[in-house]
Amino acid sequence: MTDRDVFEYALLRVVPRVERGECFNAGVVVYCRARSFVGARIHLDEGKLSVLDPAADVAGVRAALRAVEGVCLGGDAAGQAAPDDAGRRFRWLIAPRSTVVQPGPVHTGLTADPEAEVERLLDLLVR
């Protein structure tokens, strides 16, 4: 049996009109402390976005989602979070906020491959 480590994840929700509270899943962020891993994958369903808000700024929403991926990558792509370790970047990403892209609650699990877990959760919960 392969060794499995605890991981945490949160869905990224798009809330086109914050005052209405309607949302849909558009990505996932995964953190595994034991492997110093933080990663995100996005999948923006533009059809769902236009149904909830026909005037939505699609490019702006896509840019906000891509910024999450950048923070996970670290380095220059992470902006001010660049010097932070994976755990601090994850905690920053999952902090509650009232914006068009919001993190959902944090859940946990066990995995032997956190990077594959990101793809599995994206397929299961977002696509």
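The radius of gyration here is taken over C-alpha atoms, and the globule rule is 2.2 Å times the number of residues to the power 0.38. Keep in mind that this is a predicted model.

Q: What makes the radius of gyration of the protein agree with that of a compact globule?
A: Put 127 residues into the rule and you get a value near 14 Å; the protein has 15 Å, so the two agree. As for the box around the C-alpha atoms, it is roughly 50 × 30 × 20 Å along the principal axes.

Q: Which pattern do the helices and strands follow along the sequence?
A: There are 4 helices and 4 strands, and reading along the chain gives β-β-β-α-α-α-β-α.

Q: How many aromatic pairs does a search of the whole structure find?
A: It finds 2. One of them is Tyr-31 with Phe-90: the ring centres are 5.3 Å apart, within the 6.5 Å limit. Their planes meet at 20°, and under 30 degrees counts as stacked, so this pair is stacked.

Q: Why does the pair of Tyr-31 and Phe-90 tie together parts that are apart in sequence?
A: Tyr-31 sits in strand S2 (residues 24–32) and Phe-90 in helix H3 (residues 86–94), so the parts they link are 59 residues apart in sequence.

Q: Why does Tyr-31 count as buried?
A: Buried means under 20% relative accessible area. Tyr-31 has 9%, so it makes the cut.

Q: And what about Phe-90, buried or exposed?
A: With 0% relative accessibility, Phe-90 is buried too. Across the protein, buried residues make up 42% of the 127.

Technical notes: Residues are numbered from 1 along each chain as its sequence is written. This is a predicted model: local features need pLDDT of at least 70, side-chain atom pairs count only at pLDDT 80 or more; totals for chains, interfaces and linings use all residues. Side-chain values use heavy atoms; hydrogens and water are left out. Helices (H or I, at least four residues) and strands (E, at least two) are DSSP runs, numbered from the N terminus. Buried means under 20% relative accessible area, exposed over 50%, partly exposed in between (1.4 Å probe, protein chains only). Rings of Phe, Tyr and Trp (its six-membered ring) pair if their centres lie within 6.5 Å; planes under 30 degrees apart count as stacked, over 60 as edge-to-face and the rest as tilted.
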